[in-house]
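This briefing is for a reader meeting the structure for the first time. It deals with the ligand and with the enclosed spaces inside the protein.

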Amino acid sequence: MDQLTRKGIWNGIVREFSAFMPEFVDESVVTLGEGNTPLVEAVNMKDVFGGIRVFLKLEGLNPTGSFKDRGMTFAVTKAKEAGATAVICASTGNTSASASAYAAKAGMAAYVLVPEGSVALGKLSQAMMHGAKVLEIAGNFDEALEIVKQIAENYPVTMVNSLNPYRIQGQKSAAFEVCEHLGHAPTYHFLPVGNAGNITAYWMGYKEYKEAGLISSLPKMMGFQAAGAAPIVLGHTVEDPQTIATAIKIGKPASLEGAIAARDESGGVIEMVTDDEILAAYRLVAAREGVFCEPASAASVAGVIKMRESGMLNDGDTVVCTLTGHGLKDPDTAMEVSVQPLKVPADMAKIVEVMEL
Ligand code: AN7
């Protein structure tokens, strides 16, 4: 007889966390098996982190390579339940990749509006491969989102940006997983902030687990924006946001109020990091921890480094950093900041010489 203890297939976050989700019809569930992503301790960066324990939540291991899948499974499930035949979103890239994949799975049409020239290659290729109608707007993300809102109000297409409440409901599942993997809530939770849906979602998730008596404390929520796209830190809209981290190149966050509530209720901060700090963290986690995330994701690690230097974090604190998207999303940036391959002849002696063995 087989000795396997069958755990069964992971059913995706809607079904796995159904007790904490708004009602849904099981037959309508559209899932690609999202969620259940690894939480990996950054053990090789003691020189940087000192005595704080830092865990990386690898959201790039979701089906389309970013955390967006957690919200998209629920948004598309509810759209299907309501009889929708098409979804629409504005996106800096990852939302469009996720919406396109889940729409394909649901047999729906997807329309994605992206800022021309500001979307990483991998993300664009995903939307195209999944058969979405990709519309490159001669404008930025904030303008695209305004147009999408108007279209969704007036035409029979369901908006799946995080203004769709099911997006936040799905994304809160990442906080549940962190608690289950650690056995408790972390002291601090760091994450990049763009449109501010994710920080809103994590805070909701932590509070729900506390209310249910599953955890006894809440983390301080630590959000990090790129310095050239930091409307929450500055306290006003940024008309022409600029950053190498294109995922968070956003000047007018849709979930502004949720982010401010998460910060203030938890006693956390929303701060900013420069592109140089983002790129330094991006390279460091790849080189030291073997984790390739996209530039925007590294804003969370850059935030930990900055807060550690400022003396805010204490030895023994448990810190979780959400690495929101996979490094393969943005191969161009990776190629630019890395040591270039060496061109060698097909000659072993010469190759060994170059290897400096
Ligand atoms: C890798 O895809 O807004 O603060 O349109 O792709 O919840 O917006 C992406 C955002 C962080 C910021 N990291 O999250 C989009 C989009 C990555 C991202 C964020 C995004 P929010």
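The points below cover the ligand, its surroundings and the cavities.

The model is a predicted one. A search of the whole structure finds 2 cavities of 30 Å³ or more, and the ligand takes up the space of the largest. The protein covers 98% of the 480 Å² of accessible area that the ligand has on its own.

**Residues around the ligand**

- The ligand has 22 residues around it, and those that come nearest are N94, T95, N195, A196 and T324.
- By class, this shell consists of 8 nonpolar, 12 polar and 2 charged residues.
- Two helices, α4 (94-106) and α9 (197-211), each supply at least two residues of the shell.

**Polar contacts of the ligand**

- From S91, a polar side-chain atom lies 3.0 Å from an oxygen atom of the ligand.
- G194 takes part through its backbone, with a polar atom 2.8 Å from an oxygen atom of the ligand.
- N195 has a backbone N or O atom at 2.7 Å from an oxygen atom of the ligand, and N195 is also among the residues that come nearest to the ligand.

**The largest cavity**

- The volume of the largest cavity is about 310 Å³.
- Its lining is made up of 27 residues, of which F67, K68, G194, N195 and A247 are the closest to its centre.
- The elements that give two or more residues to this lining are α4, α7 (165-171), α9 and α13 (295-309).
- The lining of the largest cavity divides into 10 nonpolar, 14 polar and 3 charged residues.
- G194 and N195 appear in this lining; a backbone atom of G194 is also paired with a ligand oxygen at 2.8 Å, and one of N195 at 2.7 Å.

**The second largest cavity**

- The second largest cavity holds about 30 Å³ of space.
- A42, M45, K46, F49, G50, I52 and V54 line the second largest cavity.
- Of these lining residues, 5 are nonpolar, 1 is polar and 1 is charged.

Key:
Residues numbered from 1 in each chain as written. Predicted model: local features only at pLDDT ≥ 70, side-chain atom pairs only at ≥ 80, totals over all residues. Heavy atoms only, no water. Near = heavy atom within 4 Å. Polar contact = N/O pair within 3.5 Å; in protein donor to acceptor, adjacent residues only side chain to side chain. Areas by Shrake-Rupley, 256 points an atom, 1.4 Å probe, with all protein chains shown as cover. 1 Å grid on protein atoms, 1.4 Å probe; cavity = no way out; pocket = protein on both sides within 12 Å on 5 of 7 lines; lining within 4 Å. Sits in = over half its atoms within 2 Å of the grid points. Helix = DSSP H or I, 4+ residues; strand = E, 2+ residues; numbered from the N terminus. Nonpolar A, V, L, I, M, F, W, Y, C, P; charged D, E, K, R; others polar. Points joined across faces, edges and corners; volume = space filled by probe spheres on them.
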